[in-house]
Amino acid sequence: MSGGPAGRSGAETDVVIVGGGASGLSLAHHLTRTGRTAVTVVEAPDGPLRPAERTWCYWEEGPGEFDEAVAASWTRLRVHGRDGDAITADPAPLRYRMLRSTSFESLVHSRLARHPRARVLRATAHDVRDGAHGAEVRCTAPDGRGLTLRAGYVFDSRPPRRLPPARTTLLQHFRGWFVRTAAPRFDPCVADLMDFRVPQPRHGLAFGYVLPLAPDRALVEYTEFSRAPLGTAAYEAALRHYTGEVLRLGALSVESAEQGVIPMTDARFPRRAGRAVFRIGAAGGATRPATGYTFAAVQRQSRRVARALSEGGEVVPPPHGRRALAMDAVLLRALDTGRVDGPDFFTGLFRRVPAERLLRFLDGATSPWEEFGIGLRTPVGPMLRTAAEVPFLRRRAPHGTGENPP
């Protein structure tokens, strides 16, 4: 592999990826598509270190690389204002897609199994460090044996124990029910991204989120953007109110539930942890600060890493552009200070900006002129005041960390 990690003498493999979630398996998939890279993915064995099943959502144009694992997709998106007014938009040519982690992992595992230079190793990684000829990963196998893996490069997707210092840190925290109703209650063509017809907290904002899977089945979530998560009992009460009083779903059964916390922060996530050790995924800053979406950025970053290792270049490029991060920092601060009203802000964006352009904006794929036009459709005064303030704010270490990016 010319110019790649195979040229490092003493390395047992080209690449070791620590963590078999969305970012780790996505990078393994993209690295092995060329057929030239030897990859080992270290996944935690069954037990407390292995995360529960999760849901990841993203938007994409045309056929996708993971369509075989897509649980559902929607051609229309809807936002409900606090007054009940509904805005329904068609983001064509984009479609909103939903993946379940189990199906995604099974699909990528099956592809890796067909690759002669890829393997998935069940072990607990303890220590990742630079080595004499690349990097080393020290781990423990399920039977208790100690293992040391050596590679030209190591990509670590494990979440940090603590978040980096930030000017603003909010949490996107949620609990969702997979429900089945006694009668058809859902339109399988329409996904409700934000429904603000729920009681709003004193600080931050709250909304419902509905992803129909069939006329009588859906994932229904209660989500807050605020400084601290709730207890499970509070989420359950909020979901009972939302499904019963707002959606009026009638009799239903809850087939399963999921819960998570995603940091929404303008912290700077270091992508490099050593000469040959890099952080990827949410650990490397792939989560979009103002929305919590991660999966699409992980795919872009994974493609760029694979290209860099094949052709040379920056090994782990930034997952988001500087303009996007600067705008997100302003929005987070404006929401945290209460200068902008969250429900009115997001409802206004969906009402005034074409859905396809807005989704491209959220992916960081719009031009400066398009971004200027979107900015004019926000509360200009409070946003300008916040933009002038943000550069002078001190970065402080927040408490806790997050998990389960969508």
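Let me start with the lining of the largest cavity in this predicted model, which by class consists of seven nonpolar, three polar and three charged residues. The space inside that cavity comes to about 90 Å³, and of the 13 residues that line the cavity, those closest to its centre are Trp59, Tyr293, Ala296, Leu362 and Asp363. If you follow the secondary structure, you will see that strand E3, residues 55-61, and helix H4, residues 295-311, each contribute at least two residues to this lining. A search over the whole structure returns two cavities of 30 Å³ or more.

Let me turn now to the pockets. The second largest pocket holds about 1000 Å³ of space, and among its 50 lining residues the closest to the centre are Ala290, Thr291, Leu331, Phe346 and Leu362. By class, the lining of this pocket has 35 nonpolar, eight polar and seven charged residues, and helix H5, residues 322-337, gives the most to that lining, with five residues.

That leaves the nonpolar cores. The largest of them has 47 residues, of which Ile17 and Phe155 touch the most other members, and strand E11, residues 146-156, gives the most to this core, with six residues. Which residues does phenylalanine 155 touch, not counting residues up to four places away in sequence? They are Val15, Val16, Ile17, Val18 and Leu27, then Phe278 and Ile280, and finally Val305, Leu309, Val315 and Val316. There is also a second, separate core, made up of 41 residues, which includes Phe178, Leu193, Leu219 and Phe350.

Note on methods:
Residues numbered from 1 in each chain as written. Predicted model: local features only at pLDDT ≥ 70, side-chain atom pairs only at ≥ 80, totals over all residues. Heavy atoms only, no water. 1 Å grid on protein atoms, 1.4 Å probe; cavity = no way out; pocket = protein on both sides within 12 Å on 5 of 7 lines; lining within 4 Å. Points joined across faces, edges and corners; volume = space filled by probe spheres on them. Helix = DSSP H or I, 4+ residues; strand = E, 2+ residues; numbered from the N terminus. Nonpolar A, V, L, I, M, F, W, Y, C, P; charged D, E, K, R; others polar. Core = buried A, V, L, I, M, F, W, Y, C linked by side-chain atoms within 4.5 Å. Buried < 20%, exposed > 50% of the residue type's maximum accessible area, 1.4 Å probe, protein only. Contact = heavy atoms within 4.5 Å.
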